[in-house]
Amino acid sequence: MANDGPVQHGYPHLETVRAAITALYKRISYDTVQTFATSVAPVDVAFCDTDDLYLGAQRVARELVRHYRLPDARFVVSFREMTHAANVELTAGPEYFVELNDRFRTHRRDIGAALAHEVMHVYLHRLDLSFPGVRENEILTDTATTYLGAGWLLLDAYREDAASSQKLGYLTPEEFGYVLAKRSLVFGEDPSVWFTSPQAYTAYGKGLALAREDEQQPPLTAAGWAGRRRYARDRRHGGPGPGQGQGPGTRYAFTPDGTGSLRVSFPCPTCHQRIRVPVRGRVRARCALCRTVLECDT
């Protein structure tokens, strides 16, 4: 938790974020992802100063348990001084114990954001889905929280001005915006209508621009003129070895298919699973993982 300290910006964890989206689709399937088409509603996690601190926190935790479709279990919420925003004790249940930073005693509107991340830890624990390393695993948790409909709370908790700052989670604001935008492009849901933080709007806009760039990379037909020209040049020099013809910033790779023909692999713009298709002009490809149909000009 950045508390009146410097907030990191940009996309330093982008490849881990993309890998987390792929892992999520692989572990819970396209059909299960589709059941999270509706995000957590602001009214369901609202927390005002007149609410009882402990009862209110438990109410929000129950709502997040319901959203993630976890078995009905009691979350015991306590508060103490700590460096991080929160901590959850991962046990077999039936009760879960969550500790929140004392800061939330007076910043109650952000309790939902902290709990969204911690309850996702429980969800991923039950799925037995994790990444090696603490930081990578926390990035997976932030990404899953956001992609499955509760991470807009984490981005909305980001506030920064000349005198103070606050950010929850391990992703940068722009990375949260990117994952939110990936979700928005899949489900047609605009999370920006729920933001109360002006900085969240800016971060989401930047993330949305990058997410749209994913859909405009060659060999997709939506690629721009410069990308298509670079792709055509790389295709001419794409054989015989794998990876030849890749320039800086490109995500496609050419490989021979054993019959003298060339194939190109590239990441799906939705789930980032790599897709491999023959190099033979116009091709329609369907991602087996997220079922996105892609128009390509190979």
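Residues with under 20% relative accessible area are taken as buried, those with over 50% as exposed, and those in between as partly exposed. Thr 35, at 40% relative accessibility, therefore counts as partly exposed. In the predicted model examined here, Thr 35 lies in the loop between helix 1 (14–34) and helix 2. A separation of 230 residues in sequence lies between Thr 35 and Ser 265, and their C-alpha atoms are 29 Å apart in space.

The overall architecture comprises 8 helices and 11 strands. For a chain of 298 residues, a compact globule would have a radius of gyration near 19 Å, and the 21 Å found for the protein agrees with this expectation. The C-alpha trace extends over about 70 × 45 × 35 Å along its principal axes. Of the 298 residues, 53% are buried. When contacts between residues at least 6 apart in sequence are considered, 58% of them join residues at least 24 apart. The exposed surface of the protein amounts to about 13600 Å², of which carbon and sulfur atoms supply 50%.

The largest pocket encloses about 320 Å³ of space. Its lining consists of 19 residues, and those nearest the centre of the pocket are His 84, Ala 86, His 117, Glu 118 and Glu 138. Strand 3 (86–89) and helix 3 (111–127) are the elements that give two or more residues to this lining. Helix 3 makes the greatest contribution, with 5 residues. By residue class, the lining of the largest pocket divides into 11 nonpolar, 5 polar and 3 charged residues.

The second largest pocket has a volume of about 240 Å³. It is lined by 15 residues, of which Arg 109, Trp 152, Leu 153, Asp 156 and Thr 196 are the closest to its centre. At least two lining residues come from each of helix 3 and helix 5 (152–156). Helix 3 thus supplies residues to the lining of the second largest pocket as well as to that of the largest pocket. In the second largest pocket, however, helix 5 gives the most, with 3 residues. The lining of this second pocket is made up of 9 nonpolar, 2 polar and 4 charged residues.

Enclosed space was also examined. The count comes to 1 cavity of 30 Å³ or more, and the largest cavity has a volume of about 100 Å³. Among the 13 residues that line the largest cavity, Asp 214, Gln 217, Pro 218, Arg 251 and Pro 267 are the closest to its centre. The cavity lining divides into 8 nonpolar, 2 polar and 3 charged residues.

Pro 218, one of the residues closest to the centre of the largest cavity, also takes part in a cis peptide bond, which joins Pro 218 to Pro 219 with an omega of about 10°. Pro 219 is located in the loop between helix 7 (198–214) and helix 8 (225–236). As a general matter, most peptide bonds are trans, and most residues other than glycine have a negative phi.

Backbone geometry with a positive phi occurs at Arg 69, which is not a glycine and has a phi of about 60°. Arg 69 is placed in the loop between helix 2 (53–67) and strand 2 (74–80). With a relative accessibility of 48%, Arg 69 counts as partly exposed. Asp 128, likewise a residue other than glycine, has a positive phi near 60°. The position of Asp 128 is in the loop between helix 3 and helix 4 (134–147). The relative accessible area of Asp 128 is 68%, so this residue is exposed.

A further loop position is that of Gly 260, between strand 7 (253–256) and strand 8 (262–267). Gly 260 has a relative accessible area of 75% and is therefore exposed. Along the chain, Gly 260 and Ala 209 are 51 residues apart, and a distance of 38 Å separates their C-alpha atoms.

Methods. Residues numbered from 1 in each chain as written. Predicted model: local features only at pLDDT ≥ 70, side-chain atom pairs only at ≥ 80, totals over all residues. Heavy atoms only, no water. 1 Å grid on protein atoms, 1.4 Å probe; cavity = no way out; pocket = protein on both sides within 12 Å on 5 of 7 lines; lining within 4 Å. Points joined across faces, edges and corners; volume = space filled by probe spheres on them. Nonpolar A, V, L, I, M, F, W, Y, C, P; charged D, E, K, R; others polar. Helix = DSSP H or I, 4+ residues; strand = E, 2+ residues; numbered from the N terminus. Rg over C-alpha atoms; globule rule 2.2 N^0.38 Å. Buried < 20%, exposed > 50% of the residue type's maximum accessible area, 1.4 Å probe, protein only. Contact = heavy atoms within 4.5 Å. Areas by Shrake-Rupley, 256 points an atom, 1.4 Å probe, with all protein chains shown as cover.
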